[in-house]
Amino acid sequence: MKKVAILANGGDVSGFNAVIRGIVKTAENHGVECYGIIEGYTGLLENNYIRLDSYSNASGILYKGGSIIGSSTNANVFNYKSRRKGQEDEYVDLSDVCIENAKKDGFDCIFTLGGDGTQKSARDFYKKGLNVIGVPKTIDNDVACTDITFGYNTAVSVATEALDRLHSTGETHHRIMVLEVMGRYAGWIALESAIAGGGDVALIPEIPFDLNKVAKKIKERIEKGKRFSLVVVAEGAAPKGGKLLVKNVRDNGKGVDNTKLGGIGEKVAAELQELTGLEARNTTLGYMQRGGTPTAYDRVLSTKYGAKAMELALEGKFGVLTVLKNGKLDSVPLEDVVGENKEIGAVSGNTKESNLRRVTMDDDLVKTARNIGISLGD
Ligand code: F6P
């Protein structure tokens with residue numbers, strides 16, 4: 001093991017840099033050179049990378065948001081959009097170019113920092129002969145086989161702080177304050193921040209909601225003297241029998257999972273105002289949840305993941321994802337992470353074959369929410 005490379009892929013999270021630092025420091029302690037591939041799989045395709053050094057460019061990055069090596073949100077190199085002037089876009093498999101680049105550059109292992117889609121591509125590269133080790137990232141906390149992804153804790157903290165602030169203004173003006181948080185197919189951020197921030201309602205993608213039930217809860221609160229309520233809505237939550245609110249679809253929906261969600265908070269606020277007679281206001285938290293400094297928890301988790309990933313590389317254990325299982329660092333085959341989505345180059349995301357980790361009804365968070373009277377809209 002002489003040369004390793006790191007790539008960060010997908011939507012950014014707080015903690016990317018902490019993982020990078022963890023890998024670089026562990027690599028250096030074992031005499032291994034570390035490189036950073038610029039902008040995820042795009043950099044692998046374009047053979048664009050830099051040397052990382054914990055005494056220069058990889059120094060002082062632990063607390064910084066973003067990624068010092070960038071990240072790409074639309075680079076599925078197994079199904080890559082190629083633009084040809086005056087002609088229809090074409091989707092081509094360029095994975096062999098990436099493999100040639102990695103081999104030519106002499107990378108003994110590539111660390112893939114990313115969510116479900118990124119790890120799906122990592123698994124495909126492993127099957128095609130590349131040594132890869134995944135590290136589970138995403139604010140949505142929906143990567144299979146691990147208790148938690150890095151970036152999630154920071155997102156929950158940001159959402160909790162937002163709820164604290166909405167609490168005081170909502171109470172002052174006797175309003176329903178709706179907070180739309182991220183979470184495409186999993187409601188972890190909404191549920192956990194609702195518990196942490198004293199929310200009265202949490203609407204999550206896993207439980208189709210009925211706003212009449214939510215209005216009933218808010219009216220009960222009014223009767224008991226609470227003339228305000230806090231409602232947290234995941235962007236992927238939908239009413240019973242209704243559909244997800246999709247803002248737009250990138251790349252004609254081909255390639256990676258490209259639906260851009262948004263708007264459910266506004267809709268819920270307007271309907272609750274009608275149903276309860278209380279004024280309602282929506283705040284969409286958006287990218288605040290992903291930017292900026294990571295929490296102490298995320299710094300530690302990211303460092304643990306980074307160091308563990310490099311340890312696995314030194315052991316020659318490839319084609320795996322570093323995970324946290326019952327509080328202990330471990331690894332699982334990427335094959336298990338992709339679930340039934342086995343085919344090389346298959347689209348990832350919320351397909352019936354994919355293996356996203358969603359909130360289950362027997363989860364302690366669901367039980368706790370119900371026990372303390374948070375309405376889940378069902
Ligand atoms: O998957 C992480 C995530 O932050 C989702 O919560 C959100 O729906 C999505 O990424 C937004 O992605 P983009 O950066 O493409 O707008």
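**Exercise 1. A salt bridge in helix H9**

Task: Decide whether lysine 308 is buried or exposed from its relative accessibility, then find the salt-bridge partner of lysine 308.

Solution:
- Step 1. Lysine 308 has 14% relative accessibility and so counts as buried. Buried means under 20% relative accessible area, exposed means over 50%, and partly exposed is in between (1.4 Å probe, protein chains only). Areas come from the Shrake-Rupley method with a 1.4 Å probe, and for residues only the protein chains shown count as cover.
- Step 2. Note the ground rules. The model is predicted: local features need pLDDT of at least 70, side-chain atom pairs count only at pLDDT 80 or more, and totals for chains, interfaces and linings use all residues. Residues are numbered from 1 along each chain as its sequence is written, and side-chain values use heavy atoms, with hydrogens and water left out.
- Step 3. The side chain of lysine 308 forms a salt bridge with that of glutamate 311, at 3.9 Å from N to O. The rule asks for a side-chain nitrogen of Lys or Arg within 4 Å of a carboxyl oxygen of Asp or Glu.
- Step 4. Place the pair. Lysine 308 and glutamate 311 are 3 residues apart in helix H9 (residues 296–315), so about one helical turn separates them. Helices (H or I, at least four residues) and strands (E, at least two) are DSSP runs, numbered from the N terminus.
- Step 5. Glutamate 311 is partly exposed, at 40% relative accessibility.
- Step 6. Elsewhere, salt bridges with shared partners link Lys120, Arg123, Asp124, Glu335 and Lys342 into one network.

**Exercise 2. Two more salt bridges**

Task: How far apart in sequence are the parts tied together by lysine 325 and aspartate 147? Then treat lysine 216 and glutamate 220 in helix H7.

Solution:
- Step 1. The count of salt bridges comes to 15.
- Step 2. One of them joins the side chains of lysine 325 and aspartate 147, at 3.7 Å from N to O. Lysine 325 sits in strand E14 (residues 320–325) and aspartate 147 in the loop between E7 and H5, so the pair ties together parts 178 residues apart in sequence.
- Step 3. Lysine 325 is partly exposed, at 33%. Aspartate 147 is partly exposed too, at 29%.
- Step 4. Lysine 216 and glutamate 220 also meet in a salt bridge, at 3.7 Å from N to O. Both lie in helix H7, 4 residues apart, about one turn of the helix.
- Step 5. An α-helix has 3.6 residues a turn, so residues three or four places apart point the same way.
- Step 6. Lysine 216 is exposed, at 55%, whereas glutamate 220 is partly exposed, at 35%.

**Exercise 3. A lysine without a salt bridge**

Task: Which side chain of opposite charge is nearest to lysine 217?

Solution:
- Step 1. Lysine 217 is in helix H7 (residues 211–223).
- Step 2. Lysine 217 is buried and has no salt bridge. The nearest side chain of opposite charge is aspartate 200, 5.3 Å away. Lys and Arg count as positive, Asp and Glu as negative; His and the chain ends are not counted.
- Step 3. Leaving aside neighbours within four places in sequence, lysine 217 contacts Asp200, Val201, Gly373 and Ser375. Contact means heavy atoms within 4.5 Å.

**Exercise 4. The sides of helix H11**

Task: Which residues of helix H11 are buried, and which are exposed on the other side?

Solution:
- Step 1. In H11 (residues 364–371), Leu365, Val366 and Ala369 are buried.
- Step 2. These residues cover an arc of only 100 degrees around the axis, which puts them on the same side of H11. The arc is that of the directions from the helix axis to the C-beta atoms.
- Step 3. Asp364 and Asn371 are exposed on the other side of H11.
- Step 4. The cover over the buried residues of H11 includes helix H6 (188–196).

**Exercise 5. Alanine 5 and two positive phi angles**

Task: What does alanine 5 touch? Then locate glutamate 39 and threonine 138.

Solution:
- Step 1. Alanine 5 lies in strand E1 (residues 3–8) and is buried, at 0%.
- Step 2. Not counting residues up to four places away in sequence, alanine 5 touches Tyr35, Ile37, Phe107, Cys109, Ile110 and Phe111.
- Step 3. Glutamate 39 has phi near 60 degrees, a positive value in a residue other than glycine. Its loop runs between strand E2 (33–37) and helix H2 (40–46). Glutamate 39 is partly exposed, at 42%.
- Step 4. Threonine 138 has phi near 155 degrees, again positive in a residue other than glycine. Threonine 138 is in the loop between strand E7 (132–136) and helix H5 (152–173). Threonine 138 is buried, at 13%.
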